Amino acid sequence: MSPSPADTRSDTPPLDEHGIRKLTHLTKLMVWGDRQPVTRTPADLGLAFEEVAFQATDGVPLRGWFIPSGLERGPAVVFVHGWLWNRAGNAAGRVPFVDRDVDFLPPTKALHDAGYSVLLFDLSNHGASGKRPPLTMGRWEARDFNGALGYLRGRPDVDPDRIGALGTSAGANTVMYAIPDGPPVKAFLAVQPTRLPVFNRNFSRDELGPLGPMAAKSTDLLYVFLRAPLPSRHNPADVAPKLGDTVVQYVQGTGDPWGRMSIVEEFSDLTPHSLGVIHFPSAGRYEGYQYVSKQADDVAAFFTAHL
């Protein structure tokens, strides 16, 4: 297997922005997102794939890739990416803060080789999918995930009783918010889900200084105007007890400056069928996300055991 971007481009510098320009850019990214271009495909790892299109449960058009297992009727895993990413993961260097590459293709190949079909898709307001502004970091995006489940359940080569999910950050939040109101998900790997007010406070303090948390909190007013769920009331702990029969494995990086291990452990404690929290050694938040590419065999092993 060729090296993933997570191994070869991890030191890409952030955009050089400061002051009002940086505040304006970060606010735009938090509320309206970004559309990373798709620069690699499963074919880069020798995987055959289909370009697919389907709709969120509220009709927003979504685009993605389906990598068939080759089985007549088998299990499938859907990937749900994080904030500002796309179906392939994250390509570093497009934002005014330090991020890292996160590559979904190595775990996709590991899952395919283990006999799984895989669906990689762009959430609304990301990649090539349609618009539904503003970003709500999981609550409205749950409609995207349940649309993806509907697509998979309609395929003759997918067993509807053996569908799993892998979500990173806002993608993990998305799956948590979606499961109680959607089709069943048998197994779920939740990588660094977060409580948004805590993330926003820590992130904005790091990136904007002491007044950053005040600026982040003020975005509630914009969400009132947009008639969208308020960031200050974003709390996946509210839905964790409703994850039902889904087997959930949480993952949290030990060096995450913007999230908290205690929050993910709280989610785990509230989840009916949690396997606990994997404490993944990391030097920062994005290094924690790299669990999915650097531990691709462990990702496949989780779904083999529980799907």
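**Group meeting: a loop, a central strand and two nonpolar cores**

Good morning. Met137 lies in the loop between β6 and α4. The model I am presenting is a predicted one, and I shall begin with this loop before turning to the strands, the aromatic rings and the cores.

Met137 is not a glycine, and yet its phi is positive, at about 55 degrees. Is Met137 buried or exposed? With a relative accessibility of 9%, Met137 counts as buried. The loop between β6 and α4 also contains Pro134. The peptide bond that joins Pro133 and Pro134 is cis, with omega at about 0 degrees.

Trp140 is found in the loop between β6 (117-121) and α4 (142-153) as well. Its relative accessibility is 16%; the cut-off for buried is under 20%, and Trp140 therefore counts as buried. Which residues are in contact with Trp140, if neighbours within four places in sequence are left aside? They are Arg132, Pro133, Pro134, Arg227, Ala228 and Pro229. Both prolines of the cis peptide bond thus appear among the contacts of Trp140. As for Thr271, it stands 131 residues from Trp140 in sequence, and the two C-alpha atoms are 21 Å apart in space.

I now turn to strand β7, which covers residues 158-168. Of its 11 residues, 9 are buried, so the strand is largely enclosed by the rest of the structure. Strand β3 (residues 74-80) runs parallel to β7, and 6 bridges join the two. In this pairing, Val80 stands opposite Gly167 of β7. Strand β8, residues 187-191, also pairs with β7 in the parallel sense, over 5 bridges. Here Leu166 stands opposite Leu189 in β8. Between β7 and β8 the chain passes through helix α5 (residues 170-178), and this β-α-β crossover is right-handed.

The next topic is the aromatic rings. How many aromatic pairs does the structure hold? There are 20. A pair of aromatic rings is described by the distance of the centres and the angle of the planes. For Trp83 and Phe203, the centres are 5.8 Å apart and the planes stand at 85 degrees, so the pair is edge-to-face. Trp83 belongs to the loop between β3 and β4 (89-90), and Phe203 to helix α6 (residues 196-208); the pair therefore ties together parts that are 120 residues apart in sequence. Trp83 is buried, at 8% relative accessibility, and Phe203 is buried too, with a relative accessible area of 4%.

Trp83 and Phe203 both belong to a cluster linked by ring pairs. Its other members include Phe79, Trp85, Phe97, Phe104, Phe199, Trp258, Tyr286 and Tyr289.

Leu84 has its place in the loop between β3 and β4. Although Leu84 is not a glycine, its phi is positive, at about 80 degrees. Leu84 is buried, with a relative accessible area of 2%.

Two arginines lie over ring faces. Arg87 lies over the face of Trp65, at 5.0 Å from the ring centre. Arg155 lies over the face of Phe66, and in that case the distance to the ring centre is 3.6 Å.

I come to the nonpolar cores. The largest of them has 47 residues. Which residues have the most contacts inside it? They are Phe79, Trp83, Phe97, Leu111, Leu120, Leu189 and Phe303. Helix α12 (residues 296-306) gives the most to this core, with 5 residues. Leu111 offers a view of the packing: beyond its neighbours within four places in sequence, Leu111 is in contact with Val77, Phe79, Tyr116, Val118, Val299, Ala300 and Phe303. Apart from this core lies another, of 42 residues, which includes Phe54, Phe66, Ala172 and Ala237. Phe66 is the residue whose ring face has Arg155 over it.

Finally, I consider Gln295, in the loop between α11 (291-294) and α12. Gln295 counts as partly exposed, at 26% relative accessibility. Leaving aside neighbours within four places in sequence, its contacts are Phe280 and Gln290. How far apart are the C-alpha atoms of Gln295 and Pro106? They are separated by 8.9 Å, although the two residues are 189 residues apart along the chain.

That concludes the presentation. Thank you.

Note on methods: Residues are numbered from 1 along each chain as its sequence is written. This is a predicted model: local features need pLDDT of at least 70, side-chain atom pairs count only at pLDDT 80 or more; totals for chains, interfaces and linings use all residues. Side-chain values use heavy atoms; hydrogens and water are left out. Buried means under 20% relative accessible area, exposed over 50%, partly exposed in between (1.4 Å probe, protein chains only). Helices (H or I, at least four residues) and strands (E, at least two) are DSSP runs, numbered from the N terminus. Two strands pair if DSSP finds at least two bridges between them. A crossover is right-handed if, with the strands pointing away from the viewer, the path from the first strand over the helix to the second runs clockwise. Rings of Phe, Tyr and Trp (its six-membered ring) pair if their centres lie within 6.5 Å; planes under 30 degrees apart count as stacked, over 60 as edge-to-face and the rest as tilted. A charge sits over a ring if NZ of Lys or CZ of Arg is within 6 Å of the ring centre and within 35 degrees of the ring normal. Contact means heavy atoms within 4.5 Å. A nonpolar core is a set of buried Ala, Val, Leu, Ile, Met, Phe, Trp, Tyr and Cys residues joined through side-chain atoms within 4.5 Å.
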